[in-house]
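Subject: Structure handover

Hello,

Please find below the structure we spoke of handing over. My notes on what was found in it follow underneath.

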Amino acid sequence: MTEASKDTRDAKDAKDAVDAITAQWYAVRPDLETTPMAVFGRIYRIARAMGDAMERTYARYGISRGEFDVVATLRRSGAPYTLSPRQLSATLMLTTGGMTGRLDKLEKAGLLGRKPDPHDRRGLQVTITDRGLALIDEAVTAGLGVQRAALTGLADDEVEVLTGLLRKLLAGMP
């Protein structure tokens with residue numbers, strides 16, 4: 001037996017809060033198939049715990065997760081790190097009103113700038129500043145460190161399998 005398969009077996013034998021919840025449902029409603037509850041209950045708890053950890057990590061840089069997302073979107077768009085507010089809103093699935101608030105705060109902090117779009121008199125362009133570029137490069141490195149640390153309980157092959165399963169689950173979502 002490999003170390004990874006032993007760890008997986010040990011994890012199956014361990015009980016957590018989600019097991020307690022599904023056991024309670026079984027006690028009062030043994031007719032229910034609670035496997036979906038077990039899967040999504042864990043996904044929800046993981047997402048919440050990681051969301052909180054990422055919020056704390058980005059707070060060290062003076063930004064929230066939502067603000068990180070804006071600056072990171074500009075950064076990963078490549079040089080010249082410029083997008084329209086509409087492109088940012090679409091990428092981040094935000095309303096234009098929600099985007100405006102984030103842009104105002106980030107501009108005030110000197111992490112990005114807004115200027116008229118030379119190709120559209122009614123439009124704006126949002127560009128990351130040198131300060132924003134330096135900050136996002138540090139923040140993304142720190143965030144990946146937190147995420148990497150959360151995966152240390154899994155073997156590399158388990159991470160690969162989990163990634164594939166989550167991709168498949170996400171693709172099948174309505």
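A residue counts as buried under 20% relative accessible area, as exposed over 50%, and as partly exposed in between. R114 has a relative accessibility of 24%, so R114 counts as partly exposed. Please keep in mind throughout that this is a predicted model.

The sheet

The strands form an open sheet of three, in the order β1-β3-β2, and the pairing is antiparallel. At the edges are β1 (82-83) and β2 (112-117), each of which pairs on one side only. Strand β3 covers residues 120-128 and is joined to β1 by two bridges, in the antiparallel sense. Between β2 and β3, which also run antiparallel, there are six bridges. A hairpin of two residues leads from β2 to β3.

T127 of β3 is a useful place to start when looking at the pairing. T82 stands opposite T127, and G113 stands opposite T127 as well.

Helix α6, residues 96-108, lies across β2 and β3. Its direction makes an angle of about 120 degrees with β2.

A salt bridge also connects this helix and the sheet: the side chains of D104 and R114 meet, with N to O at 2.5 Å. D104 belongs to helix α6 and R114 to strand β2, so the pair links distant parts of the chain, ten residues apart. D104 has a relative accessible area of 41%, which makes D104 partly exposed.

A buried charge

D117 is also in strand β2. What is the nearest side chain of opposite charge to D117, and how far away is it? It is K115, at 9.0 Å. A salt bridge needs a side-chain nitrogen of Lys or Arg within 4 Å of a carboxyl oxygen of Asp or Glu. D117 has no salt bridge, although D117 is buried. If neighbours within four places in sequence are set aside, the contacts of D117 are G123, L124 and Q125.

Salt bridges between helices

By the rule above, the structure has eight salt bridges in total. One of them is between the side chains of D19 and R42, at 2.8 Å from N to O. D19 sits in helix α2 (residues 17-28) and R42 in helix α3 (residues 35-59), so this pair ties together parts of the chain that are 23 residues apart in sequence. D19 is partly exposed, because its relative accessibility is 22%. R42 is partly exposed too, with a relative accessibility of 27%. D16, D19 and R42 are linked in a network of salt bridges.

Another salt bridge joins R75 and D137, whose closest N and O atoms are 2.8 Å apart. R75 is in helix α4 (residues 65-76) and D137 in helix α7 (residues 130-150), so the parts tied together here are 62 residues apart in sequence. R75 counts as partly exposed at 29% relative accessibility. For D137 the relative accessible area is 29%, which puts D137 among the partly exposed residues.

Packing of α2 and α3

The helices that hold D19 and R42 also pack against each other: α2 and α3 meet at an angle of about 145 degrees, and their axes are 10 Å apart. Their crossing is right-handed. On the α2 side the contact is made by A17, V18, D19, I21, T22 and W25, and on the α3 side by M37, A38, G41, R42 and R45. D19 and R42 are therefore part of this contact as well as partners in a salt bridge.

Two further distances

G51 lies in helix α3. Is G51 buried or exposed? G51 is buried, because its relative accessibility is 7%. G51 and R65 are 14 residues apart along the chain, and their C-alpha atoms are separated by 8.1 Å.

E138 is in helix α7 and is partly exposed, at 47% relative accessibility. E138 and T22 are 116 residues apart in sequence, with 41 Å between their C-alpha atoms. T22 is one of the α2 residues in the contact with α3.

Regards

Conventions:
Residues numbered from 1 in each chain as written. Predicted model: local features only at pLDDT ≥ 70, side-chain atom pairs only at ≥ 80, totals over all residues. Heavy atoms only, no water. Pairing = 2+ DSSP bridges. Helix = DSSP H or I, 4+ residues; strand = E, 2+ residues; numbered from the N terminus. Contact = heavy atoms within 4.5 Å. Axes fitted to C-alpha atoms, helices over the stretch in contact; angles between N-to-C directions. Buried < 20%, exposed > 50% of the residue type's maximum accessible area, 1.4 Å probe, protein only. Lys, Arg positive; Asp, Glu negative; His and termini not counted. Left-handed = near helix turned anticlockwise from the far one by under 90°.
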